[in-house]
Amino acid sequence: MTDTILTANFRKQFSGGPEIVVDELRIGAGITVLFGASGSGKTTVLRCLAGLEIPDVGEIKFGGEVWFQKNGNVFAPPQRRHIGFVPQDYALFPHLTVAGNVGYGLNDLPAAERAPRIAETLQWLGLAGLEERLPRELSGGQQQRVALARAVVRRPKLLLLDEPLAALDTPTRLRLRGELRQLLRQLGIPTILVTHDQLEALALGNDVVVLHAGRNVQHGAAQEVFSRPGNLAVAEITAFETIQPGVVLETRDGLATVAVGDARLIALAEDLPIDAREVYVCIRAEDVILARPDSAPSSPRNHLAATVRAVVREGPLMRVNLDCGFPLTALLTRPACEELGLHEGLRLVALVKAPQVHLIPFTR
Amino acid sequence: MSGAEWQLVGFSLRMAFASLLLILPFGLALAWCLARKDWRGKALVETLVSLPLVLPPVVTGLVLLQIFGRRGPVGSWLHNTFNCDVVFTWRAVVIALAAMSLPLFVRAARTAFEEVDVKFEQLARTLGAGEWRVFFTITLPLAKRGVLAGTLLAFARALGEFGATIMVAGNIPGRTTTLPVAIYQAVENGEDAHAWMLAGVSAVIAFAAVFVSENLQRRRK
Amino acid sequence: MNNKIIATILSSLFALQLHAAQVTVFAAASLTDSLKQIAADYEKTSGDKIVFNFAASGTLSRQIEAGAPVDIFFAADETKADALEKKGLLISGTRKSLLGNVLVIVTPTGAPAINSPAELTNTAIQHLAIGEVKTVPCGTYAKAYLEKLSLWATVENKAVPCESVRAVLAAVESGNVDAGFVYKTDAAISKKVKVTYEVPAADAPKISYPLALLKDAPQPEAAKNFIAFLDSDGATAVFKKFGFIVLSSPATK
């Protein structure tokens, strides 16, 4: 984690909603993901950081500035925070063109510099030629980029994105996920990004802050947080029990071969950028099928020799921790466990279908 | 229609326009506060603003007479400081028209502002826009139709205003006689044909204003 | 025995109710206070009820022409009665000119005095209340007077037309005008104005109050009785008390 640039300690109570309790939140430069299920308060926290909501008590500090302090009666309105904010539905001004929208925040710039800056930003985001269009004439992906352009054109100190990909249809979302990651890294602006999608969090962020029922419950590197949930709350949110770093060895016929630990996995390569090398391999525990070596079904592409390391009871289900050359977690019903005669040390075959091996490219 | 009659129509139109100059700044500010803000006495303010709509116009006229008469709080100050009279002059006409039409404007403008999603205003603030800039570049343009409809409605109401006007401005031909007052006087004098002609002009202007206003309010999004 | 007395009393009261007539009088605004008192006296003795509509004589004649159900018309101006008579709405034989009055200039109490009508042209006088000249007799008289003195052209610009002589009085009382033309009888009942100039009878136009029974009167008999009462000593005394000039002979037509 880099040096802290933002510290927040505050509470906010909405009538009829959960109380948001942000306790000792420290965010560094780089891209931080605020991750949580719907209703966990992520958007509210983001809006408090933006100055669009005022917490009941506490304080928020950014750089050397105090943005909010209840005791000192300090509140810096959004205008004074020099931030860029992109809400989930983009909120593009319907009565202004793309150029008008993007240029709206440039009032402080001398008139002569505005047009070049707008042009440069539009160019960089692939929006050149759309200056005179109105928001309603744009596609979802274009609107998202205009909203981003509008937020970054004035070189803000902090970028706040609320579910940036949620408003897009699934194919577009997957395609733009990679683009957005690149864009954000190129921008180099400290960014806080809200999402409920675990793969998005992995793809876009360096650090993840997990919010559960209005409280920040864990903060760490993305892979850390998801593979080693700090408590039951986090574990409940994270859907991928197995997250391991891997290296793409080759891609052929739409399939990618990935080296994970000592094992090799086959995954779908469709959304993988051509030059992807390092990836996170994510597998849901429910997607892991266990079988005796002699009676394993043949359709799943991945057959891994596995040794049972631990069997833990979780309500009506059994969580099985395996060693396949890398740690793999499976989830089975109790009857299934008994049928297999699961016990520590047992050797089995773990089967995972190629489409259920998710790859998230990352760069350190 | 004779020259004097055209002058009368011209006078009424000028007075109605002048009343808009009073209505717009106060009305926009009031409508915005009512749409966006909340405070302890808000219900009271809402009621006061709506009063001229339901009170007999002569009552509003009476209240204005008390305030702006030579012995009233504002009237005496104006008379003593600037030797300026309000009652029985064109100034009283403008004030009466503004008082009676303000509620209509505020209602329409308030609805228009309420229909502007606050998310746009909030976003403008994150882009560094101060409150005045947010109002003039975001809120008002997005509320444009409703505000315009309200302005037309207020204009039409001002043109037809009678009860408060006659109380506070009287009926001084050439100086405070508006179209509705002239119609009343014509009837009083037994000049029926004259009255009908003026009534016709009045009706045509009112019809046009309300027609356009209704259309503006209907064709939205 | 007691029951019979009660029954008789009740039935005679009832009878009185059935026979009591309601007389409708349209009268000039300046007659408001005097006529109300006279009517109160009359109602005690006659058992009839008098209902009034006080307004500018021109307004009243307009309403009569439009068909208002009226028994008696008592105007402040002969021309208003002439107009009705020309349309055949009056019963000519009943018309008589009962009263006269004096035209005065009044100012709000405490305002500087106006010693002659010529002073009305001074810039200090910004607003002058006058009855609407086409419908209010007091206004017609004032205009005629000022025209005679060649002052009307100048004063016209300051004129604030009012819908009745009482409206003129109210305007002066409020202080929103600098002076006004009313009758001496109106000035007398107000404590908030003072008479600053009394128009001499020689200079003033002839002020005459005609009284007549209307042709379509709903209650002609009761109306005639009241008209007779208005001519009686009792009524005359009341008029004089309020300051009216009582004309001795009926107008000849």
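This briefing describes how the chains touch one another, one helix of chain A, and the two domains of chain C. The structure is a predicted model. Of the 2 pairs of chains that touch, chains A and B share the most contacts. Chain A and chain C, in contrast, are not joined by any contact.

**Contacts between chains**

- The contact between chains A and B, the pair with the most contacts, draws 16 residues from chain A and 14 residues from chain B.
- On the side of chain A that touches chain B, 10 residues are nonpolar, 4 are polar and 2 are charged.
- Chains A and C have their closest C-alpha atoms 51 Å apart, and no contact joins these two chains.

**Helix α3 of chain A**

- Helix α3 of chain A covers residues 111–124, which is 14 residues.
- At 1.5 Å a residue this helix should span 20 Å, and because its end C-alpha atoms are 21 Å apart, the expected span and the model agree.
- Which residues of α3(A) are buried? They are A:Ile118, A:Thr121 and A:Leu122.
- These buried residues cover an arc of only 95° around the axis, and therefore they lie on the same side of α3(A).
- The other side of α3(A) carries exposed residues, namely A:Ala112, A:Glu113, A:Pro116, A:Glu120 and A:Gln123.
- The buried residues of α3(A) are covered by elements that include α2 (98–103) and α4 (140–152) of chain A.
- Just after α3(A) comes A:Gly126, which takes a positive phi of about 70°.

**The two domains of chain C**

- Chain C is divided into domain 1, made of residues 2–99 + 209–246, and domain 2, made of residues 103–198.
- A distance of 29 Å separates the C-alpha centres of domain 1 and domain 2 of chain C.
- Each domain contributes to the contact between them, with 17 residues from domain 1 of chain C and 17 residues from domain 2 of chain C.
- Which elements give two or more residues to the side of domain 1 of chain C that touches domain 2 of chain C? They are α2 (32–46) and α3 (57–65) of chain C.
- The element that gives the most to this side of domain 1 of chain C is α3(C), with 3 residues.
- By type, the residues on the side of domain 1 of chain C that touches domain 2 of chain C divide into 8 nonpolar, 6 polar and 3 charged.

Technical notes: Residues numbered from 1 in each chain as written. Chains lettered and ligands numbered in written order. Predicted model: local features only at pLDDT ≥ 70, side-chain atom pairs only at ≥ 80, totals over all residues. Contact = placed C-beta atoms within 7 Å. Nonpolar A, V, L, I, M, F, W, Y, C, P; charged D, E, K, R; others polar. Helix = DSSP H or I, 4+ residues; strand = E, 2+ residues; numbered from the N terminus. Expected span 1.5 Å × (residues − 1). Buried ≥ 20, exposed ≤ 12 C-beta atoms within 10 Å, placed from the backbone. Arc of directions from axis to C-beta. Domains from an automatic or database assignment.
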